[in-house]
Amino acid sequence: VENVRMLDRFCKTPSLGTLYLTATHLIFVDPDAKKETWILHMHIANIEKLALTTTGSPLLIRTKTFLSVTFVIPKERDCHDIYISLQQLSQPSSIEELYCFTYTSPIEDAGTFLVLKQNMKDKEFLMNNGV
């Protein structure tokens, strides 16, 4: 989501940037300050949708690492979508919903990976033995 303002309790001026939602992190990128803020979903302790303002829809996130940040998202619908997604990603209902259990490797054939691994070991052996 573009044109998102990040309000931090330690910084007086808000940052303007883009908010990205990945499978594991919420990432805020401020291109002007060349700054990125990464928040791991599993570190999120509390998410609150605050009252709609003239600048947008505020989303307050408190983490288990004591970070407290507010994102002001221009469109209420985008804010609601992010809020719902973060609720689901930060509080999985079962262990099988964790990213480590749902990840699928981009390598189609596991046999190909094993052949590549063996080739690397063979090259290492040849290099170490001066062959």
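Q: Let's start with a single residue. Where is Phe66 found?

A: In this predicted model, Phe66 sits in the loop between β6 and β7.

Q: What is the phi of Phe66, and how should I read such a value?

A: The general idea comes first: most residues other than glycine have a negative phi. Phe66 is not a glycine, yet its phi is positive, at about 70 degrees. With a relative accessible area of 68%, Phe66 is exposed.

Q: Which value does phi take in Asn3, and where does Asn3 lie?

A: Asn3 is a residue other than glycine with a positive phi, near 60 degrees. Asn3 belongs to the segment before β1. The relative accessible area of Asn3 is 51%, so Asn3 counts as exposed.

Q: Now to the interior. Which residues touch the most other members of the largest nonpolar core?

A: As background, nonpolar side chains tend to be buried together in soluble globular proteins. Here the largest nonpolar core has 16 residues, and those touching the most other members are Leu19, Leu26, Leu59, Ile61, Phe71, Ile73 and Leu86. Two or more residues of this core come from each of β1 (4-8), β3, β5 (44-49), β6 (57-63), β7 (68-73) and α1 (76-90).

Q: Could we take one core residue as an example: what does Leu59 touch?

A: Leaving aside residues up to four places away in sequence, the contacts of Leu59 include Ile47, Val69, Phe71, Ile73, Cys79, Ile82 and Leu86. Glu48, Lys49, Thr70 and Tyr83 are also among the residues that Leu59 touches.

Q: How many aromatic pairs does the structure hold, and how do I describe one?

A: A pair of aromatic rings is described by the distance of the centres and the angle of the planes. The structure holds one such pair. The ring centres of Phe28 and Phe71 are 5.7 Å apart and the planes meet at 45 degrees, so the pair is tilted. Because Phe28 is in strand β3 and Phe71 in strand β7, the pair ties together parts 43 residues apart in sequence. Phe28 and Phe71 are both buried.

Q: How many salt bridges does a search of the whole structure find?

A: The search finds three. To read them, keep one cut-off in mind: the side-chain nitrogen and the carboxyl oxygen must lie within 4 Å. Arg62 and Glu48 form one, with their closest N and O atoms 2.7 Å apart. Arg62 is in strand β6 and Glu48 in strand β5, so this pair ties together parts 14 residues apart in sequence. Glu76 and Lys49 form another, at 2.9 Å between the closest N and O atoms. That pair links distant parts of the chain, with Glu76 in helix α1 and Lys49 in strand β5, 27 residues apart. Arg77 and Asp81 also meet in a salt bridge, at 3.5 Å from N to O. Both lie in helix α1, four residues apart, which is about one turn of the helix.

Q: Are Arg77 and Asp81 exposed or partly exposed?

A: Arg77, at 55% relative accessibility, is exposed, whereas Asp81, at 35%, is partly exposed.

Q: What about Asp30: which side chain of opposite charge is nearest?

A: Here the 4 Å cut-off helps again. The nearest side chain of opposite charge is Lys35, 6.6 Å away, and Asp30 is buried with no salt bridge. Asp30 is part of strand β3 (residues 25-30). Its side chain reaches the backbone nitrogen of Ala33 at 3.5 Å. Not counting residues up to four places away in sequence, Asp30 touches Ser15, Leu16, Gly17 and Lys35.

Notes: Residues numbered from 1 in each chain as written. Predicted model: local features only at pLDDT ≥ 70, side-chain atom pairs only at ≥ 80, totals over all residues. Heavy atoms only, no water. Buried < 20%, exposed > 50% of the residue type's maximum accessible area, 1.4 Å probe, protein only. Lys, Arg positive; Asp, Glu negative; His and termini not counted. Polar contact = N/O pair within 3.5 Å; in protein donor to acceptor, adjacent residues only side chain to side chain. Contact = heavy atoms within 4.5 Å. Core = buried A, V, L, I, M, F, W, Y, C linked by side-chain atoms within 4.5 Å. Phe/Tyr/Trp six-rings, centres within 6.5 Å; stacked < 30°, edge-to-face > 60°.
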